[in-house]
Structure formats: C-alpha cells, structure tokens
Amino acid sequence: MSKEKTKLKLGLPKGSLQEATVKMFRKAGFYVGISDRSYFPSIDDDDIECILFRAQEMARYVEDGILDAGITGNDWILENGANVVRVAELIYAKQSMRPVRWVLAVPQDSKIKGVKALQGKTIATELVNDTKNYLKKNKVKADVEFSWGATEVKAKIGVDAIVEVTETGSSLRANNLREVCTICESTTQLIANRKSWMIPWKRDKIENLAMLLKGAILAEEMVGLKMNVQKKDLKGVLALLPALKKPTIANLTDPDWVDVETIIDEKTVRHLIPNLKKAGAQGIIEYPLNKVIY
C-alpha cells in the first residue's frame, strides 16, 4: 500500500452474522481473526482495517463516513433509511444460504389470524419503521413499540403480537408462537459510503472484495467432479452432467480414454455419482470449491 493511501475501513457485523461472515471471508481468501476483547479484528490485507458493529447500526455508520464499506442486512438499510451504495447482494445468513424473513407472530392460542385483526393492538419489534410501513400499506393502525431483545417472550406477557426475524421458524415454534404473515424478506448486503465510492482505489478494493465474496457464496453449494471415461461411453456420461458451462474434456495417455471435469450443485451429487458409474465413468473424484467466479 502506498503512503498516499489510508486504509479502507470495513465494518463487519457483530452478532448473529459474525461467524458466517468470517467463514465467507476465509473462503474468499481473507483470514479474519476476532478477539473476544476487541472490536478491531485482524485481517491479512494491509489495505483494510476491520471494525465490528452491530448490523442494526452498520448502514448509518457507512452513510456518515465512519466506515468506507460494511456488511449488513437489507432490512437495516431500509429501517435506517440509509443513503448508501449497494455494492452487492450476498445471500447468506446465520444458519443457511437463503434470505431471512421478518414475520408477524402471535401466541398459538391467539385469535389473531391476519394483519387486519391487529387494528388497535400492540406490536413489539426491533424493526419499527418497516413494520409501521407494512401496517400503513394494509390500512391498519396499531401501536408499534421498540423491543430491545427477547422479543419472543413479550408476545406472552405484554403485547398482542411481535415482528421478529427468522430463518427456519424453529425459535418461534420453540416459544409456542404462530406466524401470521411475512413483513419482508432480507438478504445480506455489501454497502459503501458514497464519497468513498468515488475514490478510485477504494472503489476498486470494494468491487474486488464483492467479486471474491460472491464467488465464495456461489461455491458454497457447489462441488467439482472429475472422472475418467472411455471414449465409447463419453456421450452417455456427458448427457448426465448439468454443468455451469460445457464440461472440460482432456485426453489421457491412453488414446481410448479421456478425463472429464465439471462443476455441479452439491445436492445432486448423491444421485448423480451412481448413474455416472453405471454409464461407464471410473475414478470419480468429488472435491470442494472455495470460489466460483463467472
């Protein structure tokens, strides 16, 4: 890094997204080390300085220029009304590789069956503004109060309903709550400060980071397959392979055989490999991927 440059200040989410984010950075080629006693993680890139912030606050700090870029949820960008550059959508969450949902939930024995039944009721949530906007669209007037946490409990002891984030619904079920409707879906986002985005080296750094993270996320649910195939069986084997592009085929020292290599969805492997074997493929090797970049 040249002396004229300052470091790129990058906000990483503290809390539920923290572990998944560190994992994705590792697959993208960056080692991030987080100490229990520090809000300044180490990273093996001299151009980047990492700072931990709660995802709920990240968009505001990026907008204000405290951070050049940060990772947060689309829900919190909207909730804060933040004027930031949306660099990339990064579809991963705490437990899965899919968007999270903010859902309106009530106790199992509640008489509330739909959003209209919330007229005049009290709702607790962290996502106050988005919840109010949803109610307004549905022409419902209700009291929406901010929840500092443990929101699921409040549906049993003080409010009529809650709006809470969920990936699988397991926490709601564990607390004997029933989903009424989905307020919104949210994905993880890489965002940038507008002034920082206009600085060429910072923009280039952020764009490269986005490319590598997206490649790591895409690779998360994919694997590589290699196999040897006799030329007489090649047509049948190729017909079974759903590749990103056409499979790579290379000649072997034996003129009657070729090497076939491809990338596929990991979920299909357990069904595909037995069929490949039956079609004549031999020496089949499955291997994990760190990044897939188009």
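**Salt bridges and an open sheet**

In this predicted model, a salt bridge joins the side chains of Glu 220 and Lys 23, with 2.8 Å from N to O. Glu 220 sits in the loop between helix H8 (200-219) and strand E13 (222-230), while Lys 23 belongs to helix H1 (residues 18-28), so this pair ties together parts that lie 197 residues apart in sequence. The two partners can also be placed by their accessibility. Glu 220 has a relative accessible area of 18% and is buried, because buried means under 20%. Lys 23, at 44%, is partly exposed. The story does not end with two residues, since salt bridges with shared partners join Lys 23, Lys 27 and Glu 220 into one network.

A second long-range pair is formed by Asp 68 and Lys 202, whose side chains meet in a salt bridge of 2.9 Å, N to O. Here Asp 68 lies in the loop between helix H2 (55-64) and strand E5 (69-73), and Lys 202 lies in helix H8; the two are 134 residues apart, and their pairing links distant parts of the chain. Asp 68 is buried, with a relative accessible area of 6%, and Lys 202 is buried as well, at 9%.

Helix H8 also holds a salt bridge of a more local kind. The side chains of Glu 207 and Arg 203 meet at 3.3 Å, N to O. These residues are 4 apart in helix H8, which means that about one helical turn separates them. Both count as partly exposed: Glu 207 has a relative accessibility of 36%, and Arg 203 has a relative accessible area of 33%. The full count for the model is 9 salt bridges.

Attention can now turn to the sheet. Five strands make up an open sheet with mixed pairing, in the order E4-E1-E5-E12-E6. Strands E4 (48-54) and E6 (85-90) stand at the edges with a single partner strand each, so one side of each has no neighbour in the sheet. On average, neighbouring strands are turned by 25 degrees against each other, direction ignored. Strand E1 (residues 8-14) pairs with E4 in the parallel sense, over 7 bridges. Within this pairing, Lys 9 has Glu 49 of E4 as its bridge partner.

Two of the helices met above return here. Helix H2 packs on the sheet, where it touches E1, E4, E5 and strand E12 (188-192), and its direction makes about 130 degrees with that of E4. Helix H8 lies across E1, E4, E5, E6 and E12, and runs at about 15 degrees to E6.

How values were computed: Residues numbered from 1 in each chain as written. Predicted model: local features only at pLDDT ≥ 70, side-chain atom pairs only at ≥ 80, totals over all residues. Heavy atoms only, no water. Salt bridge = Lys/Arg side-chain N within 4 Å of Asp/Glu carboxyl O. Buried < 20%, exposed > 50% of the residue type's maximum accessible area, 1.4 Å probe, protein only. Pairing = 2+ DSSP bridges. Axes fitted to C-alpha atoms, helices over the stretch in contact; angles between N-to-C directions. Contact = heavy atoms within 4.5 Å.
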